[in-house]
Amino acid sequence: GSVIDEPWYLAQSLEGYLGFVRASQVKRVDGLRLPDGYLSEPTTVTVAGADIRVPAGCYLWKAGDGYVVPLDPPVPLPAKARYVESGTSRLTETQILEIARPLMETRYVWGGVTQNGIDCSGFMQFIHKNLGVYLPRDAEEQSTLGLIVGWGSDAVKRTQPGDLIFFMDRTGRISHVAMSLGGNRIIHSSGRGNAVGVAGPRAEAGDSRE
């Protein structure tokens, strides 16, 4: 059959980008594995006696003391290859709470970005500005940044302190954002609680991003 006759899947990348891929290019796996590094210059690996060119920008996985190219099966990265390790520094719960301390119990105000009143996405902006990172204004815009690390109930299992958790309304539109403190604890500016504070899960999360 032709490419047109071949089944296709609607897929979503780790960055949230949507597109179609051929069914023959899809392999089901047990779980999501995030990249441990990125190839910064093209390299060549040998598979079954044939040389395969691996493009710069390819994801890499950590394996022992080195890295592998995530082919099937994974292929060791040549020693001469140049790569960049994924960021390993993460916020701790203590650091997050210290940054948020001046705003704790600040009243929820839609559109607010200061201690006089702040909304959910404004609160995420406040925390990140203290780290020298500037986020877009709205939760929906913030959800397009970073890598997806889990969906739905996986958010509780996979998120780490500092990851953002996005909540959807009944129409599937992102309506709220919180920051994970690890496990089932979050910190957010809540319209329901009408203040900045720490809580457990209150709704079904859409996706979570670093």
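**Charged pairs, aromatic pairs and backbone details**

At a relative accessibility of 52%, R101 counts as exposed, because that value lies over the 50% above which a residue is called exposed. The model in which R101 is seen here is a predicted one, and every value in the paragraphs that follow is to be read with that in mind. R101 forms a salt bridge with E98, and the closest N and O atoms of this pair are 3.3 Å apart. E98, for its part, is partly exposed, with a relative accessible area of 46%.

Side chains of opposite charge can pair when their charged atoms come close. A search of the whole structure finds seven salt bridges, and two others among them deserve a closer look. One of them joins E41 and R82, whose closest N and O atoms are 3.1 Å apart. This pair links distant parts of the chain, since E41 sits in the loop between β3 and β4 while R82 sits in the loop between β8 and β9, 41 residues apart. E41 is partly exposed at 36% relative accessibility, whereas R82, at 52%, counts as exposed.

Another salt bridge is formed where the side chains of E93 and R185 meet, with a distance of 2.5 Å from N to O. Here too the pair links distant parts of the chain, with E93 in helix α1 and R185 in strand β15, which covers residues 185–190, so that 92 residues separate the partners. E93 has a relative accessibility of 29% and counts as partly exposed, and R185, at 32%, is likewise placed in the partly exposed class.

From charged side chains we can turn to rings. A pair of aromatic rings is described by the distance of the centres and the angle of the planes. Two aromatic pairs are present in the structure. Y38 and Y59 make up an edge-to-face pair, with 5.4 Å from centre to centre and 65 degrees between the planes. The two tyrosines belong to distant parts of the chain, Y38 lying in strand β3 (residues 37–39) and Y59 in strand β6 (residues 59–63), 21 residues apart. Both rings belong to residues with some accessibility: Y38 is partly exposed with a relative accessible area of 28%, and Y59 is partly exposed at 25%.

The other pair consists of Y67 and Y83, whose ring centres are 4.7 Å apart and whose planes stand at 50 degrees, so this pair is tilted. Y67 lies in strand β7 (residues 66–69) and Y83 in strand β9 (residues 83–85), so the pair ties together parts of the chain that are 16 residues apart in sequence. Y67 is buried, with a relative accessible area of 7%, while Y83 counts as partly exposed at 37%.

What does a search of the whole structure find in the way of disulfides? The search finds zero disulfides. Two cysteines can nevertheless be placed by their accessibility: C58 is buried, with a relative accessible area of 17%, and C120 counts as buried at 7%. Each of these values earns the word buried because it falls under 20% relative accessible area.

The backbone also has details worth following, beginning with its peptide bonds. The bond from D72 to P73 is cis, with omega near 5 degrees, and P73 is placed in the loop between β7 and β8 (75–76).

Positive phi values in residues other than glycine come next. A48 is not a glycine, yet it has a positive phi of about 50 degrees, and its place is in the loop between β4 (43–47) and β5 (50–54). With a relative accessible area of 86%, A48 is exposed. E105 likewise has a positive phi, near 70 degrees, in a residue other than glycine, and E105 is located in the loop between α1 (93–100) and β10 (113–114). At 61% relative accessibility, E105 counts as exposed.

A last stop is D138, found in the loop between α2 (120–129) and α3 (139–142). D138 is partly exposed, with a relative accessible area of 42%. Although D138 and G111 are 27 residues apart in sequence, their C-alpha atoms are 9.0 Å apart in space.

Conventions
Residues are numbered from 1 along each chain as its sequence is written. This is a predicted model: local features need pLDDT of at least 70, side-chain atom pairs count only at pLDDT 80 or more; totals for chains, interfaces and linings use all residues. Side-chain values use heavy atoms; hydrogens and water are left out. Rings of Phe, Tyr and Trp (its six-membered ring) pair if their centres lie within 6.5 Å; planes under 30 degrees apart count as stacked, over 60 as edge-to-face and the rest as tilted. Helices (H or I, at least four residues) and strands (E, at least two) are DSSP runs, numbered from the N terminus. Buried means under 20% relative accessible area, exposed over 50%, partly exposed in between (1.4 Å probe, protein chains only). A disulfide is a pair of cysteine sulfur atoms within 2.5 Å. A salt bridge is a side-chain nitrogen of Lys or Arg within 4 Å of a carboxyl oxygen of Asp or Glu.
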